[in-house]
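Please open the model in the viewer and keep the sequence panel visible. The tour proceeds by selections, each followed by a short account of what is found there.

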Amino acid sequence: MAGLYVHIPFCASRCIYCGFYSTTLLELRSRYVDALCREMSLQKTHPPIETIYLGGGTPSQLSHDDLLRLFTYIYKVYPVATDAEVTMECNPDDISPSMFRDLPVNRVSMGAQTFDENRLRLLHRRHTAEEVNRAFDILRADGIRNISLDLMFGFPNETMDDWQHDIEHALRLQPEHISAYGLMYEEGTPLYRMLEQGKVSEIDEELSISMYDTLIDRLSKAGYEHYEISNFAKLSVDDKVLHRPSSFRSRHNSSYWHDIPYIGLGAAAHSYDGHSRHWAVADLKQYITRIESGQLPYTEEPIDESTHYDDLITTALRTREGLDIDRLSPPYSSYLLAQAQPYLDKNMLAITGHHLHLTRQGILLSNTIMSDLMHV
Ligand code: SF4
């Protein structure tokens, strides 16, 4: 079973920190959906699908008609599991009553980022904190029982108090899932230019680490399972009784972390079949023109053992379960254990069964540890 990712690269406006491929050419939305359907029909194989994820960009910028057309085509072309997880990323200000009528969406991922109006304006987010509260009310009334909320920390001048307010606000909304990331200054973004021009400054690294540490403690106390470096899923009563992982883990994203093949559709989308990966051109107009002329606009790259090893370090090691050492060939497992030894000695990595995983201490330094374990 594979996961299907559909990239919807439209945004009503651009946020200053964003490094994802998206465009404000909203007039091309319907033509793009036509191209996505054509891309599906040009695909040679249509494996069974267990999860569908509409990401962006802003999928909630598509009209209901376009979404219905897209989902109808997906279900026509791929055998989709009856209990498939179907996630749609939405901006809080796009949420309206009954927007998912006749659509198979059963999970919504929403970028709140912060509940502070000044920080929202700094980021050029379009929504307000109040709109996130309202979006939750609408989604719950519409029967969405699985909501994921994105948060960010480490804004310029942000204090620990500010961050704790954001965490508490998020918890009051009772999302089933929370993803939290430190603010990144990605090259090429307006935020990066502001940093270079001295208009903003990065927060102190130690404060950023303590913010992350506080997040882990507070969400664990509130009954969330910290199942991946940046991701937390609520443990239901049954999960707790049965001592099993949270039922609200993102099944789609978990497949990336556990080396399961996935199919990506749309401009800039990546696919992986277990041996090679390919990605579509990251240019909306080129993508549409090439698909309309019957070509698949992909660049392909075979994955050799060394690349596969590095991919596992940056994916599987992010998870609570960690990396299954038995899946590596002897030279790579020996290499991994030798590189890991200093961190095993410092209790930053541990081995449970045949899985190497980060400890609570190690998770705070995960970037350094992963880079030391890499092969290339
Ligand atoms: S953060 Fe989301 S809404 Fe903002 S520009 Fe990027 S993709 Fe669009």
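**Stop 1: a buried arginine and its partners**

Select R119, which is buried because its relative accessible area is 10% (buried means under 20%, exposed over 50%, partly exposed in between, with a 1.4 Å probe and protein chains only). The model is predicted: local features need pLDDT of at least 70 and side-chain atom pairs pLDDT 80 or more, while totals for chains, interfaces and linings use all residues. Residues are numbered from 1 along each chain as its sequence is written, and side-chain values use heavy atoms, without hydrogens and water.

Next add D162, whose side chain forms a salt bridge with R119 at 3.6 Å, N to O (a side-chain nitrogen of Lys or Arg within 4 Å of a carboxyl oxygen of Asp or Glu). This pair links distant parts of the chain, 43 residues apart: D162 lies in helix α5 (residues 160-172) and R119 in helix α3 (residues 117-123). Helices are DSSP runs (H or I, at least four residues), numbered from the N terminus. D162 is partly exposed, at 24%.

Then select D116, which also meets R119 in a salt bridge (3.9 Å, N to O).

**Stop 2: a second acidic residue**

Move to D239 and R244, joined by a salt bridge of 2.6 Å, N to O. D239 is buried at 1% relative accessibility, whereas R244 is partly exposed at 35%.

**Stop 3: around a tyrosine**

Finally, select Y78 and display its contacts (heavy atoms within 4.5 Å). Leaving aside neighbours within four places in sequence, Y78 touches residues including L4, M40, H46 and I263.

Conventions. Helices (H or I, at least four residues) and strands (E, at least two) are DSSP runs, numbered from the N terminus.
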